[in-house]
Amino acid sequence: MRPSPNGYSGVPRWVLAVAAVGAAFVLLPLLAMVLRVNWAEFVPLISSESSVAALLLSLRTSLAATALCVIFGVPMALVLARTDFWGQKVLRSLVLLPLVLPPVVGGIALLYTFGRRGLLGQTFELLGIEIAFSTTAVVIAQTFVALPFLVLSLEGALRTVGSRYEAVGATLGASPTTVLRRITLPLVLPAVLSGAVLSFARALGEFGATLTFAGSLQGTTRTLPLEIYLQRETDPDTAVALSLVLVVVAIVIVSLAHRTGAPSRRRARVLS
Amino acid sequence: MPSSPRSLPFLAATGLLALALTGCASATPAASTPTAAVTTLAGDITVYAAASLKTTFTELAASFEAEHPGTSVALNFAGSSDLVTQIVEGAPADVFASADTKNMTKLTEAALAEGDPVDFATNVLEIAVPPGNPAGITDFASLAGPDVKLVVCAPEVPCGSATVAVATAAGITLSPVSEESSVTDVLGKVTSGEADAGLVYVTDVTAAGDAVEGIEFDESAEAVNTYPIVALKDSASADVAQAFVDFVAGQAGQDVLRAAGFGAP
């Protein structure tokens, strides 16, 4: 085994053994799935009209949800990391709630908010916006579950980076907006990117809230996870093939997040 | 925790146990202690039943246990295709009750059924609308209206294939706003008021009570869903499993099923 950078590798053997069992627990199901893929039919299965429609819809909605996450998540992370007010801790836990909430519960909550009979449903109807059973509903569901990922990773980065440079900038006469634009955001840009990638991944995998809140119609609301769930009923081969596609996309995304996230950590260590 | 090598097998075993427990199975196949009389039925069985049978089978299991004190019936409800997949993959079920013949065929083709399945109920489609019927649905044809937000089951699932059959027979093209994976999802969209109308089973309308209004239509006779039940081959309590099948198909079972809106087989 290679020694760790600081020259000390104090992991007892039994920890390694347990870790191996844990790793097998995560990897075996993936392997089991790959073994079930019907490779001879793989390309036709994933290129059927409904599969392609689902994949394109998933990518489109996840990108829109990621954009919304950045637009709303960056200010939220700034407020949580840089301000201090009564009830902030409670607010933070509440904002991060979608992380631990079962997605079905999220879907029900969204239904009672944006649904036709929901809290805001009437308002949207007056504005002529129909959310029920539309692609917008999918994006709303995905944003709801993905937003905490961006807020959480960015808030952590903001706290690690500290506010010394911002304070210096402010004493030199920069306005708060200038400080934000010229100092804070460039410092935490890698964290914004990795947070966005994580949000995208979470949006791509969104299932429960979409099913509960948006419905399921090819090309409009039936995203890839919903398509897999439906195909499983009659055509397990397609379901497995599409699952593999989703796993590959997820692996690409996770490795991307790892790469974009790394520099921020390194720089954060230098700065602190 | 001591780091002695002896604890390793224990930890590995814990891991495997966790793996085993992640399945949905809730069965305890061990036979219970024999009761005083030798001839009475004794044993535990696990019944895998279609989701639409939840209310009726919960009631039937309780009265079956009351009739045969030595027995215990565990129930597992899910979509029929989910259940049949689990059984074929080795889930420890003793009885399988399907919401359609297609999924029962999958089981018999896998040679897992003990004897031939018995049809014990039928179910037909009905229109469900939110209370007050805001879109003014009157019959099957009015579901095709331009401003009607209609939700149906996807053609891939049993209630969806029934929907297609009915629409074809009626010569009406439906343009639903959503095709759900299960009948409960369709009902949920109607009870929440998101949809103006949904096509569900008669029994779903009965079970939903005041949450929806039901509208029967003649074309529903074009797609009658038949529910078969069968005991499974590898059952550890084969006699109890068969007794439960007979109980469901018998008078007591039929009375409960009829009250819930199911039709005679």
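## Nonpolar cores

The largest nonpolar core in this predicted model has 92 residues, and the members that touch the most others are Ala141(A) and Leu154(A). Helix α7 of chain A, residues 135-161, gives this core its largest share, 16 residues.

What does Ala141(A) touch once its neighbours within four places in sequence are left aside? The list of contacts runs Gly107(A), Leu110(A), Glu206(A), Ala209(A), Thr210(A), Phe213(A) and Ala214(A). Apart from the core that holds Ala141(A) there is another one, with 37 residues. Tyr48(B), Val95(B), Ala99(B) and Tyr227(B) are among its members.

## Chain B in outline

Chain B has 265 residues, and 43% of them are buried. Its elements come to nine helices and ten strands. If you take the contacts in chain B with a separation of 6 or more, 76% of them join residues 24 or more positions apart.

## The five-stranded sheet of chain B

Five strands of chain B make an open sheet with mixed pairing, and the order across it is β7-β6-β8-β5-β9. At the edges sit β7(B), residues 178-180, and β9(B), residues 213-215, each of which pairs on one side only. On average, neighbouring strands here are turned by 35° against each other, with direction ignored.

Take the edge strand β7(B): how does it pair with β6(B), parallel or antiparallel? The pairing is parallel, over three bridges, and β6(B) covers residues 150-153. One residue to look up in the viewer is Cys153(B), whose bridge partner in β7(B) is Glu180(B).

## Helices across the sheet

Two helices of chain B lie across strands of this sheet. Helix α5(B), residues 158-170, lies across β5 (125-129), β6, β7 and β8 (197-201) of chain B. The angle between α5(B) and β6(B) is about 115°.

Helix α6(B), residues 183-191, lies across β5, β6, β7 and β8 of chain B as well. For α6(B) the angle is given to β8(B), and it is about 145°.

## Where the chains meet

So how many residues of each chain are in contact with the other? On the chain A side there are 21, and on the chain B side 23. Two elements of chain A give two or more residues to the side that touches chain B: α1(A), residues 13-36, and α11(A), residues 224-234. The largest share, five residues, comes from α1(A).

By residue type, that side of chain A splits into 13 nonpolar, five polar and three charged residues.

Key
Residues are numbered from 1 along each chain as its sequence is written. Chains are lettered from A and ligands numbered from 1 in the order in which they are written. This is a predicted model: local features need pLDDT of at least 70, side-chain atom pairs count only at pLDDT 80 or more; totals for chains, interfaces and linings use all residues. Two residues are in contact if their C-beta atoms, placed from the backbone, lie within 7 Å. Helices (H or I, at least four residues) and strands (E, at least two) are DSSP runs, numbered from the N terminus. Ala, Val, Leu, Ile, Met, Phe, Trp, Tyr, Cys and Pro count as nonpolar, Asp, Glu, Lys and Arg as charged, and the others, Gly among them, as polar. Two strands pair if DSSP finds at least two bridges between them. Axes are lines fitted to C-alpha atoms, for helices over the stretch in contact, and angles run from 0 to 180 degrees between N-to-C directions. A residue is buried if 20 or more other C-beta atoms lie within 10 Å of its own, exposed if 12 or fewer, and partly exposed in between; C-beta atoms are placed from the backbone. A nonpolar core is a set of buried Ala, Val, Leu, Ile, Met, Phe, Trp, Tyr and Cys residues joined through C-beta atoms within 7 Å.
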